[in-house]
Amino acid sequence: MRVLVIGSGGREHALCRSLKLDPQVSELHCAPGNAGIEEVATVHPVDPVDPPAVAQLATRLRVDLVVVGPEAPLVAGVADAVREAGIACFGPSGEAAMIEGSKAFAKEIMRAGDVPTARARVCTTEEEAAAALDEFGAPYVVKDDGLAAGKGVVVTGDRDKALAHARACERVVIEEFLDGPEVSLFALCDGSTAVPLQLAQDFKRAYDGDQGPNTGGMGAYTPLPWAPDGLTEQVMREVVHPTIGELSRRGLPYQGVLFVGLALTSKGPKVVEFNARFGDPETQVLLDRLETPLGGLLMACATGELGLDPVFKDGSAVTVVVAAENYPDTPVKGDVITGLEPTGNAYVIHAGTRRDGDRVVSNGGRVLTVVGHGPDQESARRNAYDLVGRIELRGSHHRTDIAR
């Protein structure tokens, strides 16, 4: 099959890398891509949030499947435009993607489906926000209702800082703080059925010890040897199936991946957030361990023919993000990157990169994700950090405690 991937980040490079390894995929395209994606796919300039432009490109390339990577194109309705052009698409409709596009909508779906999550208030004025902060108390959790590239959430014990974030947003969801470790579960959905991938865990804060501001994610690992037995089955039963069931009842069949961010609280697993796409950087480690060919899986979701659960390889995978100077505030771009060659047990996924002649330079906040694998978590971690140590990017920083 001929496949077109939409996006330009680490998630899309990881998707392209796995699709390239699938013998069923005869032709691979990506738009707009990055310096790493160029090595495995033919790249095309397109505005990823322009639904007609994406549909026209897919038609011109005569692809069999379009895979939409980021959330903004999904919310903009790219999947709808592709399907209207008669092409199979992996990714939910614009309306169904509001499960990520609006925190308030997600809370509404969870209430209707009796899905366990934090108590919350939707606020549009400073007075409403102040009342909600006082109702739930510290630590305060304030979420921008709309898309914010993984950085729209403030968790703080400082009420003034929480209120300032609420004031800066048009609409916010303020909710009670959920105790316990956070984990991620991705479920592949074909509109009526869903199957889980492995559990993974990412690290949101910028610096070691979970210090500093929230980011889009600074590293991840899978599997989780400490996760309670039966957790995946419980989450599918209590969260995924009720959620896609409620969406279907509203005429919004969900095709694509449903990302469930969970807090393992003292009262059981509760949903922290939903995403309508593969998470980044969890995708990098999950696809490293996935044994089932990816192209066939995604096509089955897009055509309503999802069958058996995906199979994963033994062992562990760890990914570490190499971020640009001053990330996550105003990252510095345009610096040359060297040391990108893979080792025996680790390789580089490009996120914010571009080509400048024969050089690769930084072009975003999270510049690279380095994936290491091995028979166990510690060896995978060691292999990832060995390659991180070979990379040179002026001013870059990374966490040293991923998967420790």
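**Aromatic and charged contacts in a predicted model**

Both F186 and F278 are buried. The model in which they appear is a predicted one, and the account below follows its ring contacts before turning to its charged side chains.

A search across the whole structure finds four aromatic pairs. One of them is formed by F186 and F278, whose rings lie 5.9 Å centre to centre with 55 degrees between the planes, a tilted arrangement. The contact links distant parts of the chain: F186 belongs to strand β10 (residues 182-190), F278 to the loop between β16 (268-275) and α10 (282-289), and 92 residues separate them. These two rings are also members of a cluster, in which ring pairs link F90, F186, F259 and F278.

A tilted aromatic pair is likewise formed by F203 and Y221, at 6.2 Å centre to centre and 40 degrees between the planes. Here F203 sits in the loop between β11 (194-202) and β12 (205-207), while Y221 is in strand β14 (residues 219-222), 18 residues apart. F203 has a relative accessible area of 12% and is therefore buried, the threshold for that class being under 20%. For Y221 the relative accessible area is 4%, so this residue is buried as well.

An aromatic ring also meets a charge in this model: the charged end of R17 sits over the ring of Y347, 3.7 Å from the ring centre.

Side chains of opposite charge can pair when their charged atoms come close. The structure holds 25 salt bridges. Among them is the one between E100 and R277, with an N to O distance of 2.8 Å. Because E100 lies in helix α5 (residues 98-101) and R277 in the loop between β16 and α10, this bridge ties together parts 177 residues apart in sequence. Both E100 and R277 are buried.

In the salt bridge between R119 and E176, the closest N and O atoms are 3.6 Å apart. R119 is in the loop between α6 (103-113) and β6 (120-123) and E176 in the loop between β9 (172-175) and β10, so the pair joins parts that are 57 residues apart in sequence. The two partners fall into separate accessibility classes: R119, at 47% relative accessibility, counts as partly exposed, whereas E176, at 17%, counts as buried.

D202 and K204 also meet through their side chains in a salt bridge (3.4 Å, N to O). D202 counts as buried at 15% relative accessibility, and K204 is partly exposed, with a relative accessible area of 26%. Elsewhere, salt bridges with shared partners join E108, E246, R249 and R250 into one network.

Technical notes: Residues are numbered from 1 along each chain as its sequence is written. This is a predicted model: local features need pLDDT of at least 70, side-chain atom pairs count only at pLDDT 80 or more; totals for chains, interfaces and linings use all residues. Side-chain values use heavy atoms; hydrogens and water are left out. Rings of Phe, Tyr and Trp (its six-membered ring) pair if their centres lie within 6.5 Å; planes under 30 degrees apart count as stacked, over 60 as edge-to-face and the rest as tilted. Helices (H or I, at least four residues) and strands (E, at least two) are DSSP runs, numbered from the N terminus. Buried means under 20% relative accessible area, exposed over 50%, partly exposed in between (1.4 Å probe, protein chains only). A charge sits over a ring if NZ of Lys or CZ of Arg is within 6 Å of the ring centre and within 35 degrees of the ring normal. A salt bridge is a side-chain nitrogen of Lys or Arg within 4 Å of a carboxyl oxygen of Asp or Glu.
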